[in-house]
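Here is a friendly briefing on one model, covering a helix pair, a nonpolar core and one residue within a helix. Have the viewer ready as you read.

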Amino acid sequence: MSLLRKKTIEQSIADTDEPEYQLKKRLTAVDLTVFGIGVIIGAGIFTLTGRAAKDFAGPGIALSFVLAAICCALAALCYAEFSSTVPVSGSAYTFSYFSLGEIFAWIIGWDLLLELMLGASVVAQGWSTYAALFLDQIGLGWPESIGPDSSVNVLAMLLIIVLTILATIGIKESLRVNLVLVAVKLFVVLFVIVAGLFYINGDNLTPFIPPSVPAESGEVSITTPLFQALFGFTPSTFGVMGLVSGASLVFFAFIGFDVVATTAEEAKNPQRDLPRGILGSLAICTVLYVLVCIVITGMVNYQDISSEAALAEAFRSVGRPGFATLISAGAVAGLTTVVLTLMIGAARVVFAMSRDHLVPAKLGITHPKFGTPYRLTLGIGLVVAVVAGVTPIGKLEEMVNIGTLAAFTLVSIAVPLLRKRRPDIQRSFRVPGNPVVPILAALICIYLMLNLSLETWLRFAIWMAIGFVIYFVYGYRKSRVGESERTGESTRA
């Protein structure tokens, strides 16, 4: 029995009709685009911008966002082809199962779980920082002993609990709330751009790319990017390498578009609407990101930017505390949508894995009334709440990025492989320039991964080791495809 055994496309689509694992098809192109914007615009603008500019790239952080966006755009084309061709829950996990084989599907599914669950935890922590700031600005306050900088971040945990209940009730209901919050968030982002233009100081944008500065010790350490350690570069920040390191960090800001693909099974017209939702949300958010970066680094010297609440503190620094209050309120609304969307995406990935019996099948059973995988949603919510509540802020972003980049790499490689193996499949959207574009996407993703720290790679290796143990102890033996092989049933190859 091969680790590369594949689930056929026909079987993947047929599985969506099973009553116990059937999701309701309720989402339109507008829903999907809002879904994507809801998760993309969040931590990148409200929390990561300041830290990445201050520690890695200076005003050039705008270029770091462009680099990350190019990488995502290439990968997004690959996701658009797959999700519109095979509209099944699971995103990259499902795509890799029928194109690369079961072991790769497990690796990607495990990566996506890392990306989405940790991503929700990271953003919940960012939300708690802005929520505490907002409560303080309106005179209510929040106890520091259970606030963002305490040992137990109760604010973040409360957010997760509320959103878990909402995600359990239903995806359409969740997206109605999402639509309102996204509208608030977009208003605030546009407000930052327009209002901030009046406070830009050209001196703050010079030099746009600060000269490279050696790391404090000048020696390789656990925080040194792997690329620098492997090829003997002197550990440094800023300069060209700082732009790349910044791109590797702010890549976290773009992870939303692939979450759109996890809802493929719930789209009314996936062949038409999924490419629009994926590519449209990515394009809109990239433009907004770059403009916000230029405004913020123009308002405040990059060395003085707040690492935790960059937008609000920028306006406070120019004597506009009222603007800061408005931005904090927008961040609270905006980051709420990100956490909600990531949790829905995580539940849909594990749902697909449970339907294939790589994790216990009973976990993925949908609720008879709500039509959601309620057991998984509640379980994931519990884990995310604990991680967000007790993990120090700023320790999880790179872990999210490396899991995402690994998944993007395998999805990009899978496109030309499936084109060759199954040219007969009807594809409503095709990646232009195949196989050059998918291969280029994979190479860029690998390069960005190499610019993450040694510490991140070590943690990633531990996470993958745990995943392999679970697969070989449980998933490999219980696999639905494997069971078909053992009983001699056809897998429709």
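The notes below go from helix packing to the core and then to single residues.

This is a predicted model, where local features need pLDDT of at least 70, side-chain atom pairs count only at pLDDT 80 or more, and totals for chains, interfaces and linings use all residues. Residues are numbered from 1 along each chain as its sequence is written, and side-chain values use heavy atoms, with hydrogens and water left out.

**Helix packing**
- Helix 6 (residues 102–137) packs against helix 15 (residues 374–390) at about 50 degrees, and their axes are 9 Å apart.
- The two helices are therefore oblique to each other (neither under 35, over 145, nor 65 to 115 degrees).
- The contact (heavy atoms within 4.5 Å) includes Met-117 and Leu-118 of helix 6 and Ile-380 and Val-383 of helix 15.

**Nonpolar core**
- The largest nonpolar core has 160 residues, of which Tyr-79, Phe-254, Phe-257, Leu-311, Val-339 and Leu-342 touch the most other members; such a core is a set of buried Ala, Val, Leu, Ile, Met, Phe, Trp, Tyr and Cys residues joined through side-chain atoms within 4.5 Å.
- Helix 6 gives the most to this core, with 21 residues.

**Ala-76**
- Ala-76 lies in helix 4 (residues 61–85) and counts as buried, at 0% relative accessibility (buried means under 20% relative accessible area, with a 1.4 Å probe and protein chains only).
- Leaving aside residues up to four places away in sequence, Ala-76 touches Phe-257, Ile-278, Leu-279 and Leu-282.
- Ala-76 and Pro-275 are 199 residues apart in sequence, yet 8.6 Å apart in space, C-alpha to C-alpha.

Note on methods
Axes fitted to C-alpha atoms, helices over the stretch in contact; angles between N-to-C directions. Helix = DSSP H or I, 4+ residues; strand = E, 2+ residues; numbered from the N terminus. Buried < 20%, exposed > 50% of the residue type's maximum accessible area, 1.4 Å probe, protein only.
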